[in-house]
Amino acid sequence: MMLSLDRVTVRFGGITALDEVSFDVNRASICGLIGPNGAGKTTCFNCISGLYRPQGGSIRFGGRDLTELPRHQIAHLGIGRTFQNLALFPSMSVKRNVMVGAHGNSGAGFIKTMLALPSVRRSEEEAEERSDRILERFGLAGIADTPVSSLPFPVQKRVEMARAMASRPKVLILDEPAAGLNHVEVERLASEIQQIRDQDGITVLLVEHHMNLVMRVSDKVVVLNFGKKIADGLPDEVRGNADVIHAYLGTEA
């Protein structure tokens, strides 16, 4: 098992955002995490990436409990992510943004960087080469020197995914990657997510409101509602689940 959540609980004051949520994700698979607004999806992702620390339960990855580790160590273990609201550096170029991801997993320490040791120079060269390959893969090479702030939102989302991939993740967390995309762009996104699983062997966790995308690319789907897991299974099983239909439509199946 690549990633395992066991009774994860998160409270904000008197509000329970996650209520003993448990599910497993296999290696090199795509797991869709869906649910109505406020269901706890992004809270779940924030726990996995270390932004939030649960009040209860465990999150195991590579044999370690992530809830016991500081955020920077979690990133170095191989968890990359994008955000529902973009977290890019607007004044920096596309390439420099992607290189931030490549540097984030380089292992070069502060002292080595300050002294410009040979190992750091090699690391810089490797980061640039990896960034160039990622830019080419995501169709961004032609705008590598363009400031991110001047790009349309859908292109910025591609830059953020490219940056996450440059960090060499073992698990890639995608938070609403299809938001703001048109039909053609969603089709391209679906193909890219499947390639990340099939060609790179990376495990993908996908939070998305675009149901057709989720059901098409996911190997399994987990459904949250009011912080509780109400379904967990194959896309076709989840699609016909009465509790899921009720959560989305507010009617009896």
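What follows is a walk through some local features of this predicted model, starting with its sheets and ending at a helix.

An open sheet is a good place to begin. Four strands make it up, in the order 2-1-4-5, and their pairing is antiparallel. Strand 2 (15-25) and strand 5 sit at the edges, each pairing on one side only. Between strand 1 and strand 2 there are 7 bridges, again in the antiparallel sense, and Leu3 stands opposite Val25 of strand 2. Helix 1 packs on this sheet, where it touches strand 1, strand 2 and strand 4. The direction of helix 1 makes about 115 degrees with that of strand 1. As general background, strands of a sheet pair through backbone hydrogen bonds, either parallel or antiparallel.

Strand 1 has a couple of further details to offer. Arg7 lies in this strand, and its phi is positive, at about 55 degrees, although Arg7 is not a glycine. Phe12, also part of strand 1 (residues 3-12), takes part in an aromatic pair. The count of such pairs comes to 1. The partners are Phe12 and Tyr52, arranged edge-to-face with 5.4 Å from centre to centre and 75 degrees between the planes. Tyr52 belongs to the loop between helix 1 (41-48) and strand 4 (56-61), so the pair ties together parts that are 40 residues apart in sequence. How buried or exposed are the two rings' residues? Phe12 has a relative accessibility of 40%, so it counts as partly exposed. Tyr52 is partly exposed as well, because its relative accessible area is 32%. Another ring has a charged neighbour: Arg81 lies over the face of Phe83, at 4.1 Å from the ring centre.

The loop between strand 5 and helix 2 holds two residues worth a look, Thr67 and Leu69. Strand 5 here covers 64-65 and helix 2 covers 71-77. Thr67 is buried, since its relative accessible area is 14%, which falls under the 20% cut-off. The side chain of Thr67 makes a polar contact of 2.7 Å with the side chain of Asp65. Setting aside neighbours within four places in sequence, Thr67 is in contact with Arg53, Pro54, Gly57, Ser58 and Ile59. Leu69, at 9% relative accessibility, is buried too. With residues up to four places away in sequence left out, Leu69 touches Arg53, Arg64, Ile74 and Leu77. Arg53 thus turns up in the contacts of Thr67 and in those of Leu69. Leu69 and Arg53 are 16 residues apart along the chain, and their C-alpha atoms are separated by 9.5 Å.

Further along the chain comes strand 9 (residues 220-225), which is mostly covered: 6 of its 6 residues are buried. In a regular strand the side chains alternate between the two faces of the sheet. In strand 9, both faces are covered, with Lys220, Val222 and Leu224 buried on one side and Val221, Val223 and Asn225 buried on the other. What does strand 9 pair with? Strand 3 (residues 30-34) runs parallel to strand 9 and is joined to it by 4 bridges, with Leu33 standing opposite Val222. Strand 10 (residues 228-233) pairs with strand 9 in the antiparallel sense, over 5 bridges. Asn225 has Lys228 as its bridge partner in strand 10. The hairpin of strand 9 and strand 10 has 2 residues between the strands, and Phe226 in this hairpin takes a positive phi near 50 degrees.

Positive phi values crop up elsewhere too. Glu176 has one near 55 degrees, in a residue other than glycine. Glu176 is placed in the loop between strand 7 (171-175) and helix 7 (183-198). With a relative accessible area of 5%, Glu176 is buried.

The last stop is helix 10 (residues 242-249) and its two ends. At its start, a side-chain oxygen of Asn241 reaches to within 2.8 Å of the backbone nitrogen of Asp243. After the helix comes Gly250, with a positive phi near 70 degrees.

Note on methods. Residues are numbered from 1 along each chain as its sequence is written. This is a predicted model: local features need pLDDT of at least 70, side-chain atom pairs count only at pLDDT 80 or more; totals for chains, interfaces and linings use all residues. Side-chain values use heavy atoms; hydrogens and water are left out. A polar contact is a pair of N or O atoms within 3.5 Å; within protein, one must be able to donate a hydrogen and the other to accept it, and residues adjacent in sequence count only if both atoms are side-chain atoms. Buried means under 20% relative accessible area, exposed over 50%, partly exposed in between (1.4 Å probe, protein chains only). Contact means heavy atoms within 4.5 Å. Rings of Phe, Tyr and Trp (its six-membered ring) pair if their centres lie within 6.5 Å; planes under 30 degrees apart count as stacked, over 60 as edge-to-face and the rest as tilted. A charge sits over a ring if NZ of Lys or CZ of Arg is within 6 Å of the ring centre and within 35 degrees of the ring normal. Two strands pair if DSSP finds at least two bridges between them. Axes are lines fitted to C-alpha atoms, for helices over the stretch in contact, and angles run from 0 to 180 degrees between N-to-C directions.
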